[in-house]
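Trainee: Please put the structure up. I would like to go through its packing and its enclosed space.

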Amino acid sequence: MKSPVHRCRDVEHGRGQAWAGSSFLQPEQHIPISKDVITSSSASAMWFIKDACGIICAIITWLLVLYAEFVVVFVMLLPSKNRTYSIVNGSLFNVLAFLALASHLRAMCTDPGAVPKGNATKEYIESLQLKPGQVVYKCPKCCSIKPDRAHHCSVCKRCIRKMDHHCPWVNNCVGENNQKYFVLFTMYIALVSLHALFMVVFHFLYCFEDDWTKCSSFSPPATVILLILLCFEGLLFLIFTSVMFGTQVHSICTDETGIEQLKKEERRWAKKTKWMNLRAVFGHPFSLLWFSPFSTPDHGKAETYQYVV
């Protein structure tokens, strides 16, 4: 006979029954729990998901950015006779590319908000000192106590707090702790793609008016192929990352993750203003640090999290 604390419900599929003592719990309640209780012990350690598909996608992302860097610098800017044009655009492009790659690295190597694995033990649950009639939900996949708004990721094999989705391009889940870096990554990739497209169009117009042999250090056929490939890459990434950036900002402002929108889950958390939701993700108060991938946002250390019971 299982102990009542070991009786669990699979929240992901809405199946099973939650027990409290010897009777069913009818209304849903919430127990405020300190954030430290549900923070992964590896939050300050290096986080990296060993997923072959995700690693390949992450490598491809870096290679595509490096290809754009090569074409912009060696095909378009260095052969240009206008030094001011080359310095200004080269500096801007490299800064945007650097911030994009830094954001990608932070999004990939930051713990997205993993719940401690295997903490759903009888001793630990008893240490929570639950009141009579109160229960906690246990994830049967990673054997962890699942806080409200957490979902299990089959790739990370962990429950992630405020999980939005798992993105193979950053080889990580987008969750509570790394959503800022993912948003910055999509924003900077969109900006660097837009900048590259402007330079490609300008370079084509310049080469059509001038001799192709003088506007590039490569042969005319090679130059055309390299520019067309960069144009295709920039257009594709601009559309993709712009859409992702828009959906992420909308998700943050409405305080509803992608999974919650997809599953149409009932809102059981307090409604906040859009500005408060933005500050919760990027840190508060507003400053230029919002746009820095090197700044760790303060998600509200005094905030309490709730276990659905």
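Trainee: Leaving aside neighbours within four places in sequence, which residues is Tyr188 in contact with?

Mentor: This is a predicted model, where local features need pLDDT of at least 70, side-chain atom pairs count only at pLDDT 80 or more, and totals for chains, interfaces and linings use all residues. Residues are numbered from 1 along each chain as its sequence is written, and side-chain values use heavy atoms, without hydrogens and water. Contact means heavy atoms within 4.5 Å. On that basis the partners of Tyr188 are Leu96, Leu99, Ala100, Ser103 and Phe291.

Trainee: Which element gives the most to the largest nonpolar core?

Mentor: Such a core is a set of buried (under 20% relative accessible area, 1.4 Å probe, protein chains only) Ala, Val, Leu, Ile, Met, Phe, Trp, Tyr and Cys residues joined through side-chain atoms within 4.5 Å. The largest has 37 residues, and Tyr188 is among those touching the most other members. At least two residues come from each of H2, H3, H5 and H6 (helices are DSSP runs of H or I, at least four residues, numbered from the N terminus). The top contributor, with 13 residues, is H5.

Trainee: How much space lies in the largest cavity?

Mentor: A cavity is a set of points on a 1 Å grid over the protein atoms alone where a 1.4 Å probe fits but cannot get out; lining residues have an atom within 4 Å of a point. One cavity of 30 Å³ or more is counted, and its lining has 13 residues, including Val65 and Glu233. Grid points are joined across faces, edges and corners, and the volume is the space filled by probe spheres set on them. That comes to about 120 Å³.

Terms used
1 Å grid on protein atoms, 1.4 Å probe; cavity = no way out; pocket = protein on both sides within 12 Å on 5 of 7 lines; lining within 4 Å. Buried < 20%, exposed > 50% of the residue type's maximum accessible area, 1.4 Å probe, protein only.
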